[in-house]
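Q: Could you take a close look at the nonpolar core of this one for me? I'd like to know which residues hold the most contacts inside it, and how the chain around it is put together.

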Amino acid sequence: MKYSLGIDAGGTYTDAVLLRDSDEVIISSNKALTTYPDPLGGIRNAIDGIDEQYLKDIKVVSVSTTLSTNSILEGTGFPVGLILVGSYELNQDLPTEHYVQVEGGHNYNGIPTASLDEDAVREFAERVKGRVAAFAVSSYFSIRNPEHELRVKEIIKESTGLPIVCAHELSQELGAFERAVTAFLNAQLIPVTEKFMTSVESEIRSRGMDAKIFMLKCDGSVIGIRSALEKPIESIFSGPAGSLVGASFLTGNDTCAVIDVGGTSTDISVIINGVPEMSESGAVVGGWKTMVKAIKMETSAMGGDSDVWVKENSVNMGPRRVIPLCRAADLYPGFLDQLRANPMPSRGLLGINFQPTKFYIRTGYDPIGISPEEMDVFRSVSDEPTSMRELRSRMNKYPSSKYLDLLLQKRLIQTIGFTPTDALHVLGNYAEHNVEASEIGAKYLGSLCKRDAFEFASFVKQEFAKNMASDLMSFFLEGIPKAEIRKIFDIESPTKFKVDIPVVLIGGPVIAYLDDLQSILDAEIIVPEYSNVGNATGALAAKGIRRVDFLVRPVSMAAPDWEFYVFSEKGRVSFYEYEEALEYASETGRESIIQYMMDAGMDPEHVSVDIEKQEIIPDGWAHPLETRIRVMGVSTSLVEERC
C-alpha cells in the first residue's frame, strides 16, 4: 500500500494529512501549533501525530508554507545586491541599499540600445560581495532580449560564486522596475528556502520515508523541491492556493468558489474545471508589486482571531489579529482569575487599545532601535498577560495608544482580546479551549452595548457571516465598492444573492457559519469533512501546471509580411515565414512543459497540453500585427499520478 503526506505550515497551525493513494481516502490528520520563526518544529509535531506504521510507505510529500510570505512581510530575507541594466528612470525606492544602475539594455524589438558596461558590473560585485548573500539583475526590455541579463549572470558567478536571479526567468511581462523587485525578492528568499527545504528533506529521510518531495506554488500547482529552490518567490500565498485546490478535492467539485477562514484573514477564490482562476496582475506582498502570477483572490482582514472591540455602543471587528481569550486561558495559568478581576474602564477611555478584555504580552523579540517613550511602555509589559490597570500602576499613567500601536507594529508585544472564536465558544458552536474566559469577555463587552453575553456573541457571529457573504459577492461583482455590497446584507429583504456554483467553506470551525450563510445566500454551501486541514490536503491534490507565453511580431512595420520575431523566456528568435514562427512557439512551449514536468518528478505521459492564440490583425494586413500564444500544460494530481 502506498500513501502520500500533505503538510501545511500555516500562520497559527501546522497541519499534516495522510492520504491512501489507491482510493484517495484520508487515513489520518493532525494539527500542531506552528513554531516561529523556524517552522520545522511545528512540522515535526504535526508528523508525530501520524501513525508511525504508515511512514515507510509514504512515497510523496507535498509542503505548503507561509515562510516566503512571512520573510518578505517581516523583512527577514537575506541581503541582496541588485543590478539594473539600462538608463530608465527610477521613480520609486528600491528594496535594497546595495544596488547599481549600469549602461546597457534593449528596445521593444530586442535590439541593444547601448553596450553592457561589464566593468561597472564587476566593480559593483567586488564591492558588495562580502555584504550580500545573492544577486539579482533586471535589464531594460530583457523580455525581448535577455542577453545582457545572462552576461551579468556570468560575470557575477565568475566574480563572486554567489547565486544570481535573472528577471526574465521569472516573468515575461512589461515593467522593468516590477521585474527588478520580483528578481530581488526571489534572490532574497533563496537562502531562506534552501535552509527550510533542506531541513524538511532531512526530517523526511530521518523518518524512513523514501518519498518525492514537492512544494505548493501560489498558482495552486506543485513543483519539485529542487526546482522550488530556484524560484521560491512563487510559493508566496501558497496557503490560500492550497485551500482552493483542497476544497475542490474534498468535495469532488472541479468548479467551485471557496471561502477560506484563517486566523488573520478570510480569502475568497474560485477554481474552474480543475484549474484555479488567476489574477491578471502580479501579486502584491509587503507593499511591493511583483510579477508573480498568483490565484485571483479577494482578501479581508477578518479571521477567527480578529480583534472584537466596543466603542460608543458600536461593535468593531479587526483589523488586528489577537490571541483569543479562550486560548490565553489555556496558555497562561492564572489568566482566568486575572480576567475575572479586571475592572470595567470608564467609557471615555474606551478605544481599540483600551477594553476590559484587552491584555498585552511580550513576543520575545529584542527591542532594538526603539524610542525612549516606546521603551517605557515595553518595559511595563511583562512575559505574562498585562492588563491596562497593571500598565498604569507600573508607569504611573495610562500608556499612550500611539506607543502601543508602534510596539504592536514592530511585533515587540502582542494583544490578547475577544475574537469571533470566543463568540463561538460562548454559543457552544466550538469548545476547543476555555469556554469560561470567552463568556466573561462577552459579558464585559456586551454590557458596553446593552447586550447580554449570549446576545453579544450571537451578534458577533452574525456580523462575521455577513462579512463572509459580502466578501464572496465582492469577488464576483468587480468594480462595485465592497462597502456598498456589505450594506445590502444589513437590509431585511426577501431577496438573496444567487451563486450558481457550489461554495465551499474551509478552515477551523467554519461549520458554525453554515446556517447563517444559507439564510442570506441562495447557493449550495458545503463544509466538507477535513475542512480544517484543507490547505494540507490541497498540497497533495495539486497538479503540475506550467504556462509558457510567446509574442510574435513583424520585425519591421514597413514590411510586416517579410520577417517575424518570436519573443519568449528562451529569448528572441526570427523567422521569415509566419507559420514557422507559430510552429516554433507551439513546439518550444510543449518541450518546455515536458521538461518542467520531468524536472518536477512528474510523468510527462500524464500531461495534457493546450494552446491559446490571440491575434491583432489590422485591416488589409495578410498577417497579424501581434500574436500572443500561451501554451499551458496540466498534469494529473500528485495522487492521481500514483493510482
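A: Start with the contacts: counting those with a separation of 6 or more, 66% are between residues 24 or more positions apart. Bear in mind that this is a predicted model. Buried residues make up 56% of the 643 in the chain.

Now the core itself. The largest nonpolar one has 63 residues, and the ones with the most contacts inside it are Leu5, Ile58, Val61, Phe196, Phe550 and Val552. Helix α19, residues 578-599, gives this core its largest share, with 8 residues. Zoom in on Val552: setting aside neighbours within four places in sequence, it touches Phe564, Tyr565 and Val566, then Tyr578, Ala581 and Leu582, and finally Leu625, Glu626, Thr627 and Ile629. There's also another core lying apart from the largest one, with 29 residues, among them Val270, Ile485, Val503 and Leu517.

Stepping back, the chain carries 20 helices and 31 strands. Its radius of gyration is 27 Å, close to the 26 Å that the globule rule gives for 643 residues, so the chain is as compact as a globular protein of that length. Along the principal axes, the C-alpha trace spans about 85 × 55 × 55 Å.

As for the outside, the accessible surface comes to about 27200 Å², and carbon and sulfur atoms account for 48% of that. On the charge side, you've got 62 positive and 91 negative side chains, with the centres of the two sets 6 Å apart.

Key
Residues numbered from 1 in each chain as written. Predicted model: local features only at pLDDT ≥ 70, side-chain atom pairs only at ≥ 80, totals over all residues. Heavy atoms only, no water. Helix = DSSP H or I, 4+ residues; strand = E, 2+ residues; numbered from the N terminus. Rg over C-alpha atoms; globule rule 2.2 N^0.38 Å. Buried < 20%, exposed > 50% of the residue type's maximum accessible area, 1.4 Å probe, protein only. Contact = heavy atoms within 4.5 Å. Areas by Shrake-Rupley, 256 points an atom, 1.4 Å probe, with all protein chains shown as cover. Lys, Arg positive; Asp, Glu negative; His and termini not counted. Charge placed at Lys NZ, Arg CZ, Asp CG, Glu CD. Core = buried A, V, L, I, M, F, W, Y, C linked by side-chain atoms within 4.5 Å.
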